[in-house]
Amino acid sequence: ITRAEFITVYSRCCNLTTTNNTRNTLFTDVEENKWYSNPIYNAVSNGIIEGYLDNTFKPNNLITRAEALKILADYNGFNELYINTINNIIINKKSYI
């Protein structure tokens, strides 16, 4: 699943809407007329995602387990997320079930 697909599903499941004018913070690789642009802008507006340091989102890259878990963990209120390796992800919270 790509980063754009994941954020689109996430945005729809959480009923995210734009809370401010995030169109001014356009990622250089997210065209406004693409099917995924609104969900991405909604996620940015709600503080869910920030993109990469080079002002890109890389919507067509496959989302990593670490990226997906961070987004889901943040949504569920986990306050500590440690990523030890690409293959090992640990959520450090006692009552997470």
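Visitor: Which residues does A68 touch, not counting those up to four places away in sequence?

Guide: A68 touches F6 and I63 on that count. Keep in mind that this is a predicted model.

Visitor: Where does A68 sit, and is A68 buried or exposed?

Guide: A68 belongs to helix 3. A68 counts as buried because its relative accessibility is 13%, and the cut-off for buried is under 20%.

Visitor: How far is the C-alpha atom of A68 from that of Y10?

Guide: The two C-alpha atoms are separated by 9.8 Å. Along the chain, A68 and Y10 are 58 residues apart.

Visitor: Let me step back to the fold. Which elements does the protein chain have, and in what order do they run?

Guide: There are three helices and two strands in the protein chain. Read from the N terminus, the order is α-α-α-β-β. A helix also has a simple rule for reading its faces. An α-helix has 3.6 residues a turn, so residues three or four places apart point the same way.

Visitor: How much of the protein chain counts as buried, and what share of its contacts joins residues at least 24 apart?

Guide: Of the 97 residues of the protein chain, 33% are buried. For contacts, start from those between residues at least 6 apart in sequence. Of these, 56% join residues at least 24 apart.

Visitor: Now helix 2. How many of its residues are buried?

Guide: Eight of the nine residues of helix 2 (residues 37-45) are buried, so the helix is mostly covered. The buried set is S37, P39, I40, Y41, N42, A43, V44 and S45.

Visitor: Against which helix do the buried residues of helix 2 pack?

Guide: They pack against helix 1. Take N42 as a case. N42 is placed in helix 2. Its relative accessible area is 12%, so N42 is buried. Leaving out residues up to four places away in sequence, N42 touches S11, L16, T17 and T18.

Visitor: Backbone next. Which residues take a positive phi?

Guide: Look at G47, N15 and N55. G47 comes just after helix 2, with a positive phi of about 75 degrees. N15 is not a glycine, yet its phi is positive, about 50 degrees. N55 is not a glycine either, and its positive phi is about 65 degrees.

Visitor: Where do N15 and N55 lie, and are they buried or exposed?

Guide: N15 is in the loop between helix 1 and helix 2. N15 counts as exposed because its relative accessibility is 63%. N55 is in the loop between helix 2 and helix 3. At 35% relative accessibility, N55 is partly exposed.

Visitor: On to cysteines. How many disulfides does a search of the whole structure find?

Guide: Start with the general idea. A disulfide is a covalent bond between the sulfur atoms of two cysteines. Here the search of the whole structure finds zero disulfides. C13 is in none; its nearest cysteine sulfur, that of C14, is 6.4 Å away.

Visitor: Why is the sulfur of C14 not bonded to the one in C13?

Guide: Because 6.4 Å is too far for a bond, and C13 holds the closest cysteine sulfur to that of C14. The cut-off is 2.5 Å.

Visitor: Are C13 and C14 buried or exposed?

Guide: C13 is exposed, at 59% relative accessibility. C14 is buried, at 19% relative accessible area.

Visitor: What is the volume of the largest pocket, and which residues are closest to its centre?

Guide: The volume is about 310 Å³. The lining has 14 residues, and I48, I49, E50, K70 and I71 are the closest to the centre.

Visitor: Which helices supply the lining of the largest pocket, and what classes of residue does the lining have?

Guide: Helix 1 and helix 3 (65-75) supply at least two residues each. Helix 3 gives the most, with four. By class, the lining has seven nonpolar, two polar and five charged residues.

Visitor: Last, confidence. What pLDDT does the protein chain average, and which elements have the lowest and highest means?

Guide: The average is 78, and 69% of the residues score at least 70. Helix 1 (residues 3-13) has the highest mean of the elements, 94, and strand 1 (residues 81-83) the lowest, 45. Over residues 79-91 the pLDDT is below 50, and this stretch has 21 contacts in the model beyond near neighbours in sequence. Residues 93-97 also stay under 50, with four contacts beyond four places in sequence.

Methods: Residues numbered from 1 in each chain as written. Predicted model: local features only at pLDDT ≥ 70, side-chain atom pairs only at ≥ 80, totals over all residues. Heavy atoms only, no water. Buried < 20%, exposed > 50% of the residue type's maximum accessible area, 1.4 Å probe, protein only. pLDDT = per-residue confidence, 0-100. Contact = heavy atoms within 4.5 Å. 1 Å grid on protein atoms, 1.4 Å probe; cavity = no way out; pocket = protein on both sides within 12 Å on 5 of 7 lines; lining within 4 Å. Points joined across faces, edges and corners; volume = space filled by probe spheres on them. Nonpolar A, V, L, I, M, F, W, Y, C, P; charged D, E, K, R; others polar.
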